[in-house]
Amino acid sequence: MSSIRIGLIGLGTVGTGVARILIENAELMRRQTGHTLELRHVVVGDTAKARQIELAPGLIRGDIEALIADTECRIAVLLVGGLEPARSIALRLLTAGKDLITANKALLAEHGTELFEAARLHGRSIAFEASVAGGIPIITNMSQCLSANQLSGLSGILNGTTNFILTCMDEKGQDYGVALKEAQHLGYAEADPTMDVDGSDAAQKLAILAHLGFGARAYWKDIPRLGIDCLSPLDIAFARELGCRIKLIASARLDQGSLALGVSPALVRLGSPLAEVRQAFNAVALHGDAVGQLFYQGQGAGEKPTASAVVADIVDTVVGRAQITFNLLQLWSENRPAVPLADLSQTKSRFYIRLTVADNPGVLAVITGILGAHLISIASFLQKEPADSPGGPVTLVMMTHVASQAAANAAIKAIDQLPITSARSLCLPVMD
Ligand code: NDP
Ligand code: HSE
């Protein structure tokens, strides 16, 4: 049985998981591929760092030169986060004739066109199952298993860190900062967790899924996004009172040929499948015209679940499946007709609105007047009497009937300019 050499660049959370699976499940890998998978090169940033895994002496190096020079090693697994040096390393690996596997969604969302062109130019493939939703095989499903379907919509919880934080705040009343630290400790968060909490990471993943599922070449920075950093513990409590949970939802809706993309915290009804996705789990709900409604759920971050997807890509690359898919899909290629992006502000939903206003006579009339002028009708209303009432600031929460995002934005803008408003208002969609 011949041996296939694997080069691993990055031995952090995910890289360690990949190395572990390759070692612990070596026999299974042999059965899956018909070859012995040999971890031949491991490249890290800091060779002096203590590792969570014991590898053969001399295996770990501080640069990629030996891997580049090894023409018998044709599979490289890039598990370095961020844009640089990840981009330069990826280009060097492709140029050197290696098939690439990566979990780096930021890299794909930012430099996908350049990398996929380089892969095509050098006759190589790029596999990226772990880049979206960790252990859920959503890339393979959307690019292969659902090829008979015209997808019409997708709603996903695509960031494990934020789902973990929201779960800790909701179930344990934990402080946001404490929960974020725990997510970092557990290896869920990006090196800079700003990308997790401000919705950027979910937008990057949504851009990848929009590309695969809808043929939309969306630049992730053009996707309207709001993160969980705008939430207060009050929102979690009010949402509960309204029979909902707050989740960071990435959504894609195809309507009359154009696609609306967005990332925002949203209220989801308790008992609905998305509301029950807890901890660092991710989920993707989607609808295809032939298959109907589908719901995928699984661990979206962390060592082993993410490594599970990476190793599946290694197997697919070893047996040649990844290359076939890569060539057929023409990813990030100008050859694929693009789907126009819709204006998200024209989408409609119910809204959760939280205002902080003076607790004085006539204030409510002013607020409802503004909402009414924007054709927004109030479905329910909550106000808790604060200790320093009347006169002091009070929190008002409203659930609206269905309205357009544009109307909600305009109303909130007007309310935030009023002298009676003492803190920025929050407006979140409600998923019915
Ligand atoms: P870590 O920060 O844990 O690990 C990054 C690794 O990259 C480290 O081993 C680091 O070396 C190495 N590295 C940094 N610079 C270089 C360099 N110039 N040359 C070689 N190696 C270098 O990241 P993760 O494992 O968490 O994530 C890796 C990728 O996977 C990221 O793109 C991330 O977005 C993605 N991902 C992560 C998930 C997760 O749950 N963590 C889930 C899905 C995707 P050293 O150890 O010496 O510092
Ligand atoms: N930081 C990412 C998350 C890792 O929390 O979802 C998985 O992509």
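Mentor: Welcome! Helices (H or I, at least four residues) and strands (E, at least two) are DSSP runs, numbered from the N terminus. This is a predicted model, in which local features need pLDDT of at least 70, side-chain atom pairs count only at pLDDT 80 or more, and totals for chains, interfaces and linings use all residues. Residues are numbered from 1 along each chain as its sequence is written.

Trainee: How many helices and strands are in the chain?

Mentor: Both kinds of run occur here. The chain has 16 strands, and its helices number 15.

Trainee: Why is the chain as compact as a globular protein of its length?

Mentor: Take the globule rule, 2.2 Å times the number of residues to the power 0.38, with the radius of gyration taken over C-alpha atoms. For 432 residues the rule gives 22 Å, and the chain is close to that, so it is as compact as a globular protein of that length, with a radius of gyration of 24 Å.

Trainee: What percentage of the 432 residues is buried?

Mentor: Buried means under 20% relative accessible area, with exposed over 50% and partly exposed in between (1.4 Å probe, protein chains only). Of the 432 residues in the chain, the buried share is 54%.

Trainee: Which are the edge strands of the open sheet?

Mentor: Two strands pair if DSSP finds at least two bridges between them. The open sheet has 6 strands with parallel pairing, in the order β3-β2-β1-β4-β5-β6. Pairing on one side only marks the edge strands, β3 (60-61) and β6 (126-127).

Trainee: Which residue in β5 stands opposite Ala 76?

Mentor: Strands β4 (residues 75-78) and β5 (residues 99-102) run parallel, joined by 4 bridges. Opposite Ala 76, in β5, stands Leu 100.

Notes:
Chains are lettered from A and ligands numbered from 1 in the order in which they are written. Side-chain values use heavy atoms; hydrogens and water are left out.
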